[in-house]
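Dear colleague,

Please find below the structure that I am handing over to you. My notes on what was found in it follow directly after.

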Amino acid sequence: MQSEVVASRSADQRDSSRESRNGTPQLDAVSLAIIQQLQEDGRRPYAAIGKAVGLSEAAVRQRVQKLLDQGVMQIVAVTDPLTVGFRRQAMVGINVEGDVESIADALTDMSEVEYVVMTAGSFDILAEIVCEDDDHLLGVINKRIRALPGVRSTESFVYLKLKKQTYMWGTR
């Protein structure tokens, strides 16, 4: 892997990504390798990443900043909601009349909503909600989500136990 990364680096040392026709950054092998290193350990030092991918610490720092600025990745601390006081999680399927994007935008503004995706299928939108308890969840669904103009119906899937949560899908 490192020889492939080094060969790629020498071919295009300065440009870690270019935009494709649809505006999405196209990442080179070095940027993908940096992302993989950070997915394994988000606190890995830039010097160690540089050694693994064949770049200097400064070059890794610049590439990471560019990836962050482009919105390609985020570096965050992922917590277990239960251990920080959020005892109720649910996925809420939402059916909408009219503009789906305006409802999705309104959901993204709610602090309890952690994940919003517009879908094709039984629901127009899926939203993951993290709350302190059942009363809090009821208030978010009943008083805030169902109150949005255009929301036709909701269906809630309350989490009983989280078995797997990972962000290690890699850079395939």
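In which sense do strand S4 and S5 pair, and over how many bridges? Strand S4 (residues 113–118) and S5 pair in the antiparallel sense, over 5 bridges. Two strands are taken to pair if DSSP finds at least two bridges between them. Helices (H or I, at least four residues) and strands (E, at least two) are DSSP runs, numbered from the N terminus.

Please note that this is a predicted model, in which local features need pLDDT of at least 70 and side-chain atom pairs count only at pLDDT 80 or more, while totals for chains, interfaces and linings use all residues. Residues are numbered from 1 along each chain as its sequence is written, and side-chain values use heavy atoms, with hydrogens and water left out.

The sheet

S4 and S5 belong to an open sheet of 4 strands, whose order is S4-S5-S3-S6 and whose pairing is antiparallel. The edges are occupied by S4 and S6, each with a single partner strand, so one side of each has no neighbour in the sheet. From one strand to the next, the twist averages 20°. This angle, like the others below, runs from 0 to 180 degrees between N-to-C directions, and axes are lines fitted to C-alpha atoms, for helices over the stretch in contact.

Strand S3 (residues 88–96) is joined to strand S5 (residues 125–131) by 7 bridges, and the two run antiparallel. Several partners can be named along this pairing: Arg-88 stands opposite Cys-131, Ala-90 has Ile-129 as its bridge partner, and Val-92 has Ala-127. S3 also pairs with strand S6 (residues 151–158), again in the antiparallel sense and over 7 bridges; here Gly-93 has Glu-155 as its bridge partner. Between S4 and S5, Val-117 stands opposite Leu-126. The hairpin of S4 and S5 has 6 residues between the strands, and Gly-121 takes a positive phi there, near 135°.

How many residues of S3 are buried? The count is 9 of the 9, so S3 is largely enclosed by the rest of the structure. Buried means under 20% relative accessible area, exposed over 50%, and partly exposed in between (1.4 Å probe, protein chains only). In a regular strand the side chains alternate between the two faces of the sheet. In S3, Arg-88, Ala-90, Val-92, Ile-94 and Val-96 point one way, while Gln-89, Met-91, Gly-93 and Asn-95 point the other way. S5 is likewise largely enclosed by the rest of the structure, because 6 of its 7 residues are buried.

Helix H6 (residues 134–145) lies across S3, S5 and S6, and runs at about 140° to S5.

The helices H2, H3 and H4

Two packed helices are described by the angle between their axes and the distance between the axes. The axes of helix H3 (residues 46–53) and helix H4 (residues 57–69) come within 8 Å and cross at roughly 100°. This makes H3 roughly perpendicular to H4; angles under 35 degrees count as roughly parallel, over 145 as roughly antiparallel, 65 to 115 as roughly perpendicular and the rest as oblique. H3 contributes Tyr-46, Ala-47, Ile-49, Gly-50 and Val-53 to the contact, and H4 contributes Glu-57, Val-60, Arg-61 and Val-64. Contact means heavy atoms within 4.5 Å.

Within H3, Ile-49, Gly-50 and Val-53 are buried. Seen down the axis of H3, its buried residues fall within an arc of 100°, so they line one face of the helix; the arc is that of the directions from the helix axis to the C-beta atoms. Gly-54 follows H3 and has a positive phi, near 85°.

For H2 and H4, the axes come within 11 Å and cross at roughly 85°. These two helices are therefore roughly perpendicular to each other. Their contact is made by Val-30, Ser-31, Ile-34, Ile-35 and Leu-38 of H2 together with Arg-63, Val-64 and Leu-67 of H4.

Finally, is Gln-37, which lies in helix H2 (residues 29–40), buried or exposed? Gln-37 counts as buried, at 16% relative accessibility. Leaving aside its neighbours within four places in sequence, Gln-37 is in contact with Arg-44, Ile-49, Ala-52 and Val-53.

With kind regards
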